[in-house]
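User: Could you take a close look at one part of this model for me? I'd like the contact surface around a nucleic acid strand.

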Amino acid sequence: MRIAECGYAFPEALLEIYRSRGIVELYPPQEEAINAGLLEGKNLLAAIPTASGKTLIAELAMVRSILEGGKALYIVPLRALAAEKHAEFSKLSSVGISVGISTGDFDVRDEGLGEHDIIVATCEKVDSLIRNGASWIGELTCVVLDEVHLIDSPTRGPTLEMTVAKLKAMLPHLQIVALSATVANPEEVARWLDANLVVSDWRPVLLREGVFLDGVVEFSDGTMRQLKGGAEPISSLVESTVSEGGQCLVFESTRQNAESCAKRVASTTQRTLSEEDEQAVGEMADQIESTSDVLLVRKLAACVRRGAAFHHAGLDAQHRAIVERGFRSGHIKCVVSTPTLAFGLNLPARMVIIRGYRRYDPAYGSIPIPVLEYKQMAGRAGRPFLDPYGEAVLVAKSQDEAAYLMETYVRGEPERITSKLASESVLRSHILSLIASGFAKSLDGVVEFMRGTLYMCQQEGFSLSFVISSVIGVLEQMGMLTEESGVLVATPLGEKVSRLYIDPLSAHRMVRCLMSSIEPTPLTLVHVLCSTPDMRTLYVRSSEFDDVEAYIEEHAHEFYRIPPMESGEYDAFVREVKTARVLLEWMDEVPEDALCSRYRMGPGDIRALVETARWLAHALTELARLLHADAHGLASVIEKRMQYGVRQELLPLVRLKGIGRVRARRLYDAGYRTPDALAHNPEEVARIIGERTAKKLLLGIDVKGEGVQPPQRKLGEF
DNA sequence: ACTAGCTGACTCTAGACAGCATGTC
DNA sequence: CTAGAGTCAGCTAGT
């Protein structure tokens, strides 16, 4: 079927956009989706492989919906994915469709958001927007759920499920288009969504899957490939692909393995670099080196310079972006990644090598990854239009293991996905929000609402009411819900907690600390943040244990509560304290590279930690305000100090655009304490922070003392 | 007296969403 | 539904 003959009269301008991208004929799964009523507003679940044209299915549905006068919402699981989709849909601007994005770190102003035709957002953000009463939600006519199989995740799945249930309750005529990887039970999910189902394993590029053992790859179709012998397994696989002009993506299970593998592979890729590659790769390496002195970053630069790279969450966003761009442009020949890339961005390669098929899980030890995850990774192999085929290879070390891998993964079927909603810890937060936002007014109301969830579809005849009533009881005890003449309502505290989007238990911890008699210090408050379930605490190595304990003893009077040493809580407490200590050092201006080497973390880890702490510090400040607690002032200072990583005396300076923790400290030590003081001595300021920065800075300071003017944004600076 | 090299016990392990109001070195 | 790479102390054999 041609896109122009799909039975819906799309405007010529849109067809022209598609033609220019080479899209004329629809892929078979896309045709099936249209036959299943996609363009008649029917709900649809498409369970099809990566790269088989999911995005176009969603796009056509959204565009149709908008042409009929509606509005569309595209829900993704990751911020990086939101940015990617936002960029992609922005191409529709030439047909008059505008696209907005809303995630925690990037937001096109909230009121403005509703004016767009398509809005891309993470599911947590959508939930938050609903809780905060964004009015444009009511205008939606089409919602796309990207990567719905995420519903299986114990941590993130329930949010998606509840958000969908809320949307369905608010908008009975909403068209839902769900996109999923191949799973064992798509019918169940389709039934939940009341959707027609399209299942297909069609791919635009041939995919061969196989297992590597002792220099030979055995593919599932029975063919074998002998590799040039001798070399280390990954290098010989990389060699075979790269020498023929392809690229490789390697999945490892730990960061350390990823780094050392990238280093080994780099000596192979180096030999294949063309002159142009060398030039491009050298520039990227210089760019990476210029940003940071951290050992990890230098290692990365060294790999990139030789045409390989590693990719994991210890790198911060800018480094990851350089690696991703370098790989897409073809100059970086091989990327070795931890699971960061398994779910995240769309980075296809001719060959995907799965080296680490086991993953450590604190509860079970080392366990094999789910088949579903393997299929996701393998599906990355083969770039449409660019590669003649794709290959996915698992690496085995013995005959037995090879047979196991072939059986389990290559020939195996992916698992069922199941709702993870029925746990008290996730229900706590969601039940509070149901009552605070008016979706339910009683125990029965909550139970009734739950009928709209996947959980109730999968567990028919099973009741959640026991857990729900116990959770309501807990929320009442915490003072977040009360019953007034038979109707459940949220207290002002409960209302606030729901909007702040934190776990009620986190809020409860904060409230108890704020109401206690202790005279709080920064450590007291930062530790409370670290003791909440919303904060992921750092691992304490056995070699660090004594040190942290000594710190606890020294600061014993500053903690709101110290669990007894024999209790099961004590280990968790030690982790909280270590985490608090790192954050306090950040707020005391310890340099990034010192933190990285002292605690064996990467810049990305620090950024993530600080970001979470700042979010919780904001919540703490708001709760202190609500409760008129004495600690409000201190909490608010901590929130700002956390944001910038500075001592209190730098706060006036750091508010200025272009001035961060390092420059602010230099200026302060030179005697400049306020923005005003800077304006009076431009020459010396220029000497301290450099001329260009100083010029940009002084443009923003109004000498007459009327404060800071809106900054002039420079285009194309990056 | 010193040390390269080996052995075995022990250690350690992936990722990433949310508020609010604007911009690092 | 519990692995495997890395690290380090302690030992030995060789210089």
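By class, how many nonpolar, polar and charged residues does the surface near DNA strand C have?

Analyst: Quick ground rules: this is a predicted model, where local features need pLDDT of at least 70, side-chain atom pairs count only at pLDDT 80 or more, and totals for chains, interfaces and linings use all residues. Residues are numbered from 1 along each chain as its sequence is written, chains are lettered from A and ligands numbered from 1 in the order written, and side-chain values use heavy atoms, leaving out hydrogens and water.

Now, the surface near DNA strand C has one nonpolar, four polar and two charged residues. Here Ala, Val, Leu, Ile, Met, Phe, Trp, Tyr, Cys and Pro count as nonpolar, Asp, Glu, Lys and Arg as charged, and the others, Gly among them, as polar. The residues around the strand are Gln256, Asn257, Ser260, Arg358, Tyr364, Ser366 and Lys397; "near" means that a residue has a heavy atom within 4 Å of the strand. Helix α10 (residues 255–272) gives the largest share of that surface, three residues; helices are DSSP runs of H or I, at least four residues, and strands are E runs of at least two, numbered from the N terminus.

What does the protein touch on the DNA side? Sugar or phosphate makes up 65% of the atoms of DNA strand C within 4 Å of the protein, and bases make up the rest. Two pairs show the sugar side up close: a backbone N or O atom of Tyr364 sits 3.2 Å from a sugar or linking oxygen of DNA strand C, while Ser366 places a polar side-chain atom 3.0 Å from a sugar or linking oxygen of the strand.

Terms used:
Polar contact = N/O pair within 3.5 Å; in protein donor to acceptor, adjacent residues only side chain to side chain.
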